[in-house]
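Where does empty space remain in this fold, and which parts of the chain enclose it? The report below takes up these topics in turn.

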Amino acid sequence: MPAYQWDFGVLLDYRGVLADGILMTIRVLALSVTLGILVGLVLAPLRAATSRLVRLPAQALIEVVRSIPPLVLVVWAYYCLPILTGLTLSSYWTCVLALALYGSVFFAEIFRSGLQSVDPGLAEAGLAVGMTPFKVLVRITAPIGFLRILPAFVGQCVMSVKNSVLGSYIAVGELLYQGQRLSTATFRPLETLTFVALFFVVTILPLSVLASYVERRIQARYFKR
């Protein structure tokens, strides 16, 4: 069989399509991660509450959503939610909200573990010197907790980048969806999908390297024994 002849030049003819896909990927990612973090910040204290009436519903939501694969959640929300609720959303907003909900339960558990990892004595010391509980949270508990959860937080952000491609299954015009269209139009699936893969490598790898560097610096400066 003749060797495959690679030709990435064909992608230059469709650079506008690929650019649109990249911009849509960034939009989906930025909005879904932002909403996921905000919802996670609300769920975390509810999950850690002492009252069973508050804690159990939050825990049930977190466990149920964590049990559903993200692709199933996105497709289910797009096809089933309008039938069950009568609410019809565009594929873009369905993807954003589904991924935000999926990410929020993981962010909530990350935030909760960070808050619970802080020595209670530090909070008691802050209260003893006259700080309000809110100031203790903002100035002591939250900063220390965030330093400890930073690797897990970045890891979840990386997973959110990867999950953004799931929008292609409901025709959101992100990069993978545009790449699949170009593969059909140009008969160059290897070049197109290689470009898509390289985009995520270039996006995720620096983030992972930076997170590892920051983690080592934090461990060396704040948590060395």
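Helices, as the word is used here, are DSSP runs of H or I with at least four residues, and they are numbered from the N terminus. The model discussed is a predicted one.

**Overall form**

The chain holds nine helices and zero strands, and from the N terminus on its elements run α-α-α-α-α-α-α-α-α. Its radius of gyration is 22 Å, well over the 17 Å that the globule rule gives for 225 residues, so the chain is more spread out than a compact globule. Along the principal axes, the C-alpha trace spans about 75 × 50 × 30 Å.

**The packing of α5 against α7**

Two packed helices are described by the angle between their axes and by the distance between those axes. For α5 and α7, the axes come within 8 Å and cross at roughly 145°, and the crossing in which α5 passes α7 is right-handed. On the side of α5 the contact includes Leu99, Tyr102, Gly103, Phe106, Phe107, Ile110, Phe111 and Leu115, while among the residues that α7 brings to it are Leu137, Ala142, Gly145, Arg148, Ile149, Ala152 and Phe153. By class, this contact has 13 nonpolar, eight polar and one charged residues.

**Pockets and the cavity**

Rolling a probe the size of a water molecule over the atoms shows where empty space is left. The table sets out the spaces described below.

| Space | Volume | Largest share of the lining | Lining by class |
|---|---|---|---|
| Largest pocket | about 250 Å³ | α7, five residues | nine nonpolar, one polar, no charged residues |
| Second largest pocket | about 160 Å³ | α5, five residues | nine nonpolar, one polar, no charged residues |
| Largest cavity | about 50 Å³ | α5, four residues | four nonpolar, four polar, no charged residues |

The largest pocket is lined by Leu41, Ala44, Pro45, Phe111, Leu115, Leu137, Ala142, Gly145, Phe146 and Ile149. At least two residues of that lining come from each of α1 (15-47), α5 (91-117) and α7 (133-163). Several of these lining residues also belong to the contact between α5 and α7, among them Phe111, Leu115, Leu137, Ala142, Gly145 and Ile149.

Around the second largest pocket, the lining consists of Leu73, Trp76, Ala77, Leu81, Leu89, Trp93, Thr94, Leu97, Ala98 and Leu101. The elements that give two or more residues to this lining are α3 (70-79) and α5.

How many cavities of 30 Å³ or more does the count give? The count comes to one cavity at that cut-off. The residues that line the largest cavity are Ser32, Val33, Leu99, Tyr102, Gly103, Phe107, Ser160 and Asn163, and α1, α5 and α7 each supply at least two of them. Among these residues, Leu99, Tyr102, Gly103, Phe107 and Asn163 also take part in the contact of α5 with α7.

**Taken together**

The elements α1, α5 and α7 each give at least two residues to the lining of the largest pocket, and likewise each give at least two to the lining of the largest cavity. In the second largest pocket, α5 appears again, there together with α3. No charged residues are found in the lining of the largest pocket, of the second largest pocket or of the largest cavity, whereas the contact of α5 with α7 has one charged residue.

Technical notes. Residues are numbered from 1 along each chain as its sequence is written. This is a predicted model: local features need pLDDT of at least 70, side-chain atom pairs count only at pLDDT 80 or more; totals for chains, interfaces and linings use all residues. Side-chain values use heavy atoms; hydrogens and water are left out. On a 1 Å grid over the protein atoms alone, a cavity is a set of points where a 1.4 Å probe fits but cannot get out, and a pocket is an open set with protein on both sides within 12 Å along at least five of seven lines; lining residues have an atom within 4 Å of a point. Grid points are joined across faces, edges and corners, and a volume is the space filled by probe spheres set on the points. Ala, Val, Leu, Ile, Met, Phe, Trp, Tyr, Cys and Pro count as nonpolar, Asp, Glu, Lys and Arg as charged, and the others, Gly among them, as polar. Axes are lines fitted to C-alpha atoms, for helices over the stretch in contact, and angles run from 0 to 180 degrees between N-to-C directions. A crossing is left-handed if the near helix is turned anticlockwise from the far one by less than a right angle, and right-handed if clockwise. Contact means heavy atoms within 4.5 Å. The radius of gyration is taken over C-alpha atoms; the globule rule is 2.2 Å times the number of residues to the power 0.38.
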